[in-house]
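Reader: I would like a close look at a single part of this model, taken slowly and with the reasoning spelled out. Could you choose one stretch and walk me through what surrounds it?

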Amino acid sequence: MEYFNSLYNRLEGNNEKQMQLFLIRENAINEIHNANVLAQLHTNPSFTEKWTKLTPEQRVVEKVSIAKSVGKSHVPHTMPAPKTDGEVAFIIQVNYEPAFNNCISLCIQGGLEGLYKSQIYLKNKSKIMDYNIIVTNAAQVDLSKFKENIEILNSVYDCFNIKIVEAAENKSNDETNKPDKKEEAPKKKGFLSRLFKK
């Protein structure tokens, strides 16, 4: 919720963009309701006990966190990818699931906002950084709604050039999407994963 609020507040004065961002959040919450994610969590007594003590506002925060977690489960890889000219680009791999279109979009927004606030951005803020979303669309479904959400994010982050690229093969563990140096992967992925959770 932290990174959602950060962008939402920065868009103050632009009611249209704020509403578009708000709808992504609300639709993500609807998706976890429709998929009975909360009902499944309530099978755990400790979650139910915690839930009953939350205020309505705190429950919204919790739902957003759950929606982002669901979205993150469809984002197996996020990593920086140095460009040939020495500038930094980013690659995010998405295993697209239409039932969680907005959860995935909300997760991506968190990652973008995290980068926006990070030292990586501060060192490169005079440049527009490429942010490539590699989408594995195993079910071959229509991606128009996902593309609409990403275009909204592209329009509110002028520091990123966000592109959707459909994967040539439906392989979520494609070796070409992994860092060349295995010893660097945990550190980089860990840093980017933390950004996507806020």
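Author: The expected span of a helix is taken as 1.5 Å times one less than its number of residues. Helix 2, which covers residues 15–34 of this predicted model, has 20 residues and should therefore span 28 Å, and this agrees with its end C-alpha atoms, which lie 28 Å apart.

Along helix 2, the buried residues are Lys17, Gln18, Leu21, Ile24, Arg25, Ala28, Ile29, Glu31 and Ile32. Because these residues cover an arc of only 160 degrees around the axis, they sit on the same side of helix 2. On the face turned away from that buried side, helix 2 carries the exposed residues Asn15, Glu16 and Asn34. The cover over the buried residues of helix 2 includes helix 1, helix 3 (37–41), helix 5 (56–72), helix 6 and helix 8 (144–156). After helix 2 comes Asn36, and the phi of Asn36 is positive, near 60 degrees.

Two of the covering elements, helix 1 and helix 6, also meet one another, and their contact deserves its own description. The axes of helix 1 (residues 2–10) and helix 6 (residues 101–116) come within 8 Å and cross at roughly 75 degrees, which means that helix 1 is roughly perpendicular to helix 6, since angles of 65 to 115 degrees count as such. From helix 1, the residues taking part are Tyr3, Phe4, Ser6, Leu7 and Arg10, and they meet Leu106, Gln109, Gly110, Glu113, Gly114 and Tyr116 of helix 6. Sorted by class, this contact of helix 1 with helix 6 has five nonpolar, four polar and two charged residues.

One residue of that contact, Gln109, links the description back to helix 2. Gln109 lies in helix 6 and has a relative accessible area of 1%, so it counts as buried, the limit being under 20%. Leaving aside its neighbours within four places in sequence, Gln109 is in contact with Tyr3, Phe4, Leu7, Leu21, Lys68, Leu153 and Tyr157. Among these partners, Leu21 is one of the buried residues of helix 2, while Tyr3, Phe4 and Leu7 belong to helix 1.

Asn5, which is also found in helix 1, offers a further point of reference: with a relative accessibility of 29%, Asn5 counts as partly exposed. Asn5 and Phe22 are 17 residues apart in sequence, and their C-alpha atoms are 9.8 Å apart in space.

How values were computed
Residues are numbered from 1 along each chain as its sequence is written. This is a predicted model: local features need pLDDT of at least 70, side-chain atom pairs count only at pLDDT 80 or more; totals for chains, interfaces and linings use all residues. Side-chain values use heavy atoms; hydrogens and water are left out. Axes are lines fitted to C-alpha atoms, for helices over the stretch in contact, and angles run from 0 to 180 degrees between N-to-C directions. Helices (H or I, at least four residues) and strands (E, at least two) are DSSP runs, numbered from the N terminus. Angles under 35 degrees count as roughly parallel, over 145 as roughly antiparallel, 65 to 115 as roughly perpendicular and the rest as oblique. Contact means heavy atoms within 4.5 Å. Ala, Val, Leu, Ile, Met, Phe, Trp, Tyr, Cys and Pro count as nonpolar, Asp, Glu, Lys and Arg as charged, and the others, Gly among them, as polar. Buried means under 20% relative accessible area, exposed over 50%, partly exposed in between (1.4 Å probe, protein chains only). The arc is that of the directions from the helix axis to the C-beta atoms.
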